[in-house]
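Please look over the chain shown below before reading on. The report that follows takes up its strands, its disulfide and its internal space in turn.

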Amino acid sequence: MMKKILLGSVGLVVLSVASAQAADLAARPRAYTKAPVMSPYYDWSGFYIGLNGGGGSSHNCWSNAGLGEGCHDATGGTVGGQVGYRWQMANWVFGVEAQGNWADFNGSNASLVFANVTNQTKIDAFGLFTGQIGYSFNNVLLYAKGGAAVTDSKYTGIGIDQATQSRWGGTVGAGLELGFAPNWSVGVEYDHLFMGNSNVTLTTGGVVSRVDNIKQDVDMGLVRLNYRFGGPVVAKY
């Protein structure tokens with residue numbers, strides 16, 4: 001009889017402990033796994049098209065038969081457009097671009113060889129064909145560029161003899177671009193054009209009047225506005 005009473009008491013104690021533990025577990029709040037936080041980042045990949053404008057200066061040095069006629073800076077404004085493609089790998093951005101501009105860079109100096117002669121240079125247009133490499137800080141892109149350049153120039157001397165020439169050279173530059181909306185970006189850029197030396201034949205009424213060697217370099221600063229065709233902002237975990 002005593003044994004049955006003891007076993008019953010033990011059973012009641014076990015049941016009470018189990019009930020208390022179950023009540024304690026029910027009272028505890030459930031633990032939830034926090035979902036990963038998504039943060040947007042700017043993706044520079046895709047085709048883009050844009051406009052640019054600014055100013056520049058072309059440094060031109062003329063010589064005739066090895067005699068220096070002096071140098072002058074042809075300065076003025078420019079406006080044009082660009083089209084290109086970029087692709088992004090992590091924070092690195094690579095691209096190719098073609099740019100074409102109208103220009104009005106004018107300058108002149110009195111010849112140091114020929115009396116009463118003024119040598120004048122005017123750049124009417126130029127084009128750039130470049131590759132780019134940049135580093136992205138989210139919606140801010142720093143980049144360098146380099147490639148080929150071509151200028152369309154007009155040369156005048158003595159007031160009546162003249163020549164036009166398209167010459168090829170190289171270019172290097174650097175820029176900073178800011179993505180201010182999903183597909184829009186604005187930036188500033190500096191470019192230097194190495195156009196080298198070239199013999200230019202000036203004519204008067206179709207008759208050769210003289211042949212000058214002209215060295216040309218160009219420096220310019222541009223403001224650029226681009227629209228990109230591609231996914232603007234991507235969710236990043």
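Which residue of S4 stands opposite valine 79? In this predicted model, the residue of S4 that stands opposite valine 79 is tryptophan 102. Valine 79 also has a partner on another strand, since it is named as the bridge partner, in S3, of glycine 53.

## Overall make-up

The chain contains one helix and ten strands, and, read from the N terminus on, its elements follow the order α-β-β-β-β-β-β-β-β-β-β. Of the 237 residues in the chain, 37% are buried.

Eight of the strands close into a barrel, taken in the order S2-S3-S4-S5-S6-S7-S8-S9, and the pairing between them is antiparallel. From one strand to the next, the twist averages 15°. As general background, the strands of a sheet pair through backbone hydrogen bonds, in either a parallel or an antiparallel sense.

## Strand S3 and its two neighbours

Strand S2, which covers residues 46-64, is joined by 19 bridges to strand S3, which covers residues 67-89, and these two strands run antiparallel. Several individual pairs can be followed along this contact: glycine 50 has glutamine 82 of S3 as its bridge partner, asparagine 52 has glycine 80 of S3, and glycine 53 has valine 79 of S3. The hairpin of S2 and S3 has two residues between the strands, and in this hairpin alanine 65 takes a positive phi near 55°.

S3 also pairs with strand S4 (residues 92-110), again in the antiparallel sense, over 13 bridges, and the pair of valine 79 and tryptophan 102 described at the start belongs to S3 and S4. S3 and S4 likewise form a hairpin with two residues between them, where alanine 90 in the turn has a positive phi of about 60°.

## The S2 to S9 contact

S2 is joined to S9 as well, through 17 bridges, and these strands run antiparallel. In this contact isoleucine 49 stands opposite tyrosine 227 in S9, and Tyr227 is also one of the residues that line the largest cavity.

## Strands S5, S6 and S7

Further along the chain, strand S5 (residues 118-137) and strand S6 (residues 140-157) run antiparallel and are joined by 17 bridges. Serine 136 has leucine 141 of S6 as its bridge partner, and in the hairpin of S5 and S6, with two residues between the strands, asparagine 138 takes a positive phi near 60°.

S6 pairs in the antiparallel sense with strand S7 (residues 161-181) over 18 bridges. Within this contact, the bridge partner of valine 150 in S7 is tryptophan 168.

## The disulfide

How many disulfides does the structure hold? The structure holds one disulfide, which joins cysteine 61 to cysteine 71 with an S to S distance of 2.0 Å. The link between cysteine 61 and cysteine 71 is right-handed, with 110° about the S-S bond. Cysteine 61 lies in strand S2 and cysteine 71 in strand S3, so the pair ties together parts that are ten residues apart in sequence. The two strands tied in this way are also joined by 19 bridges.

Are these cysteines buried or exposed? Cysteine 61 is partly exposed, with a relative accessible area of 21%, and cysteine 71 is partly exposed too, with a relative accessible area of 40%. Because buried means under 20% relative accessible area, the value of 21% for cysteine 61 does not count as buried.

## Internal space

Rolling a probe the size of a water molecule over the atoms shows where empty space is left. A search of the whole structure finds one cavity of 30 Å³ or more, and the largest cavity holds about 50 Å³ of space.

The lining of the largest cavity is made up of Tyr42, Trp44, Tyr48, Arg86, Glu177, Asn183, Ser185, Asn226, Tyr227 and Arg228. Sorted by class, this lining has four nonpolar, three polar and three charged residues. Which strand gives the most to the lining of the largest cavity? Strand S9, which covers residues 207-229, gives the most, with three residues.

Key: Residues numbered from 1 in each chain as written. Predicted model: local features only at pLDDT ≥ 70, side-chain atom pairs only at ≥ 80, totals over all residues. Heavy atoms only, no water. 1 Å grid on protein atoms, 1.4 Å probe; cavity = no way out; pocket = protein on both sides within 12 Å on 5 of 7 lines; lining within 4 Å. Points joined across faces, edges and corners; volume = space filled by probe spheres on them. Helix = DSSP H or I, 4+ residues; strand = E, 2+ residues; numbered from the N terminus. Nonpolar A, V, L, I, M, F, W, Y, C, P; charged D, E, K, R; others polar. Pairing = 2+ DSSP bridges. Axes fitted to C-alpha atoms, helices over the stretch in contact; angles between N-to-C directions. Disulfide = S-S within 2.5 Å. Buried < 20%, exposed > 50% of the residue type's maximum accessible area, 1.4 Å probe, protein only.
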